[in-house]
Amino acid sequence: MTTRCDAPDRLSRAVLRHCGARCAALCAVTTAGTAAGLLLPAALGRTLDLLLARAPAARWVACCAGLVLLLAVLDGCASVLTGTVDARSTAWLRHRITGHVLALGPRAGARFGTGDLMARLIGSAAQAGTAPGALAALLAALAGPVGGVVALGLIDPWLAAVFLAGAPVLGLLLRAFARDTSACVEDYQRMQGRIAAALAEAIGGFRTIRAAGAEDRETARILAPLPGLSRAGHRMWRVQGRAAAQAGTVAPLLNLGVVAVAGLLLARHRLSVGEVLAASRYAVLATGVGVLVGQLAALARARAATGRLDEVLAEPVPGYGTRRLPPGPGRLELRGVTARRGGRTVLDGVDLRVPGGSTLAVVGRSGTGKSLLAELAGRLADPDTGEVLLDGVPLRTLAHADLRRAVSYAFERPALLGRTIEDTIAFGLTAPSPARIRSAARTARADAFVRRLPDGYATPCADAPRSGGESQRLGLARAFAHGGRLLILDDALSSLDTVTEHQITEALLAPGAGPTRLLIAHRTVTAARADAVAWLDGGRVRAVGPHTELWRDAEYRAVFGA
């Protein structure tokens, strides 16, 4: 069985595999640097002995100088490789998380919140991306103490024995530090995510906040987790400071013990002065606690961040089949569809059939599941039970490309993606022709105001001021340009003036062959022009029929405030 602790390890291994060659090079460089650092005390000791004996020492002096130069070169190479590995790892993680979030669709925002997702994508991915470099540095940091102990044993076994007598205490301190740091870092990053989520909500609703004069209250709400963040941060630094202080107390005692024994051996003529110098340097390397504490802290932060990313990746994405759509008019069917959100049943056993090429308006009071039904109809979401079919083929079994080609959407608040206005309308199309783009814009009554822009269709979206109605027209133009056999409009006419809405509706519902149209409607004029109306009430289809027939029911009229 997979445990929670295993998941970050799996993702960390995947990152290591992605940067395998560079990680191997980084490990080689850091290991070579550690080896050079271990050779330097022996070379210095030998040089000192030769100088004290007035023997020729030029070769050993050159050797020491060469080792110092090599250490500087290897340190520079390690810095460059660490930066490269961190950048590549972070980019790979962000690419994977972004793809997964887009595949999850609306569920990602509902599960984590937009702000928290952004914090994970930006901050956590950058922190998790340092894991390969931190691991390589930790291995090098561990090689130093191990090599130092071995070198002490080679000089004299008693020196290694003295050090090893106190080493278990040092190991226990480092183990406790690694455990406590991981818990503190997880709390700190979780608090950062809560602040980011609240901030994203406030930015999205800034007009409401300003209109209500609630800036101070919202500021307090956003910063409410700040004391918790401060406590987690202080606890993290206390843990690191305590570990450094405790290990820093033990390390000098071990160094002192090694030097004292080396002094006794020198007095008995078992060691030379140069060997005592080397032993003192190896004792320092063997107790390289400061480096180990820093690397363990970096690895703990990276592992905690990896755990936050893995929480996102653990959310299952919808799978797609391999079936192709047969030729057909776009007949849409919902069979026993039930969908729950936040523990509440929003749609309950919905059965609905929309003949190919016809127009069905879906009406109902707020909260009856109209927008959710629109999501299910084009498989932006999946029902908990039941099935949605297009021309007799269950949407779950369709190939992704076939499904997306067959269904087009327009929303109440369209996200206008693309560098220019033309890119925005062509978004999602493989090779759109300018004629197709302009025809769709004319149908959506967007062509006139686009041509008035400084560069027309080539105007950058950021330089094109738009009203809510103009944004909706661009969203409609994108849906019309997309084509397909099923067109779903989720309240996509709500910001249009009456004349423009009438013109677009007339073009949309003109006689002749066309896609099947599913309209989420709030206005009587839209419902009246549809071939049929599906009346949602309490998550169920209460009635289906022409608007004129349903209008006789007072409760139906109440849906429109009549």
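Helices here are DSSP runs of H or I with at least four residues, numbered from the N terminus. The model shown is predicted.

**Figure 1. The whole chain holds 22 helices and ten strands.** Its C-alpha atoms fill a box of roughly 115 × 50 × 45 Å along the principal axes. The radius of gyration is 34 Å. A compact globule of 562 residues would have a value near 24 Å. Buried residues account for 45% of the 562 residues.

**Figure 2. Four arginines form a patch of positive charge on the surface.** The members are R10, R13, R17 and R96. Helix 1, which covers residues 6-18, gives the most to this patch. Its share is three residues.

**Figure 3. R10 sits in helix 1.** R10 belongs to the positive surface patch, together with R13, R17 and R96. Is R10 buried or partly exposed? The relative accessible area of R10 is 39%, so R10 is partly exposed. Patch members need over 30% relative accessible area, and R10 has 39%.

**Figure 4. L52, L266 and V273 make a nonpolar patch on the surface.** This patch has an area of about 240 Å². Which helix holds L266? L266 lies in helix 10, a run of residues 226-267.

**Figure 5. L266 is a partly exposed member of the nonpolar patch.** Its relative accessible area is 31%. Partly exposed residues fall between the buried limit of 20% and the exposed limit of 50%, which is why L266 is placed in that class. L52 and V273 complete the patch around L266.

Terms used: Residues are numbered from 1 along each chain as its sequence is written. This is a predicted model: local features need pLDDT of at least 70, side-chain atom pairs count only at pLDDT 80 or more; totals for chains, interfaces and linings use all residues. Side-chain values use heavy atoms; hydrogens and water are left out. Patches are made of residues with over 30% relative accessible area and no salt bridge: like charges are joined within 9 Å, nonpolar side chains (Val, Leu, Ile, Met, Phe, Trp, Tyr) within 5 Å. Accessible areas come from the Shrake-Rupley method with a 1.4 Å probe; for residues, only the protein chains shown count as cover. A salt bridge is a side-chain nitrogen of Lys or Arg within 4 Å of a carboxyl oxygen of Asp or Glu. Lys and Arg count as positive and Asp and Glu as negative; His and the chain ends are not counted. The place of a charge is taken as NZ of Lys, CZ of Arg, CG of Asp or CD of Glu. Helices (H or I, at least four residues) and strands (E, at least two) are DSSP runs, numbered from the N terminus. Buried means under 20% relative accessible area, exposed over 50%, partly exposed in between (1.4 Å probe, protein chains only). The radius of gyration is taken over C-alpha atoms; the globule rule is 2.2 Å times the number of residues to the power 0.38.
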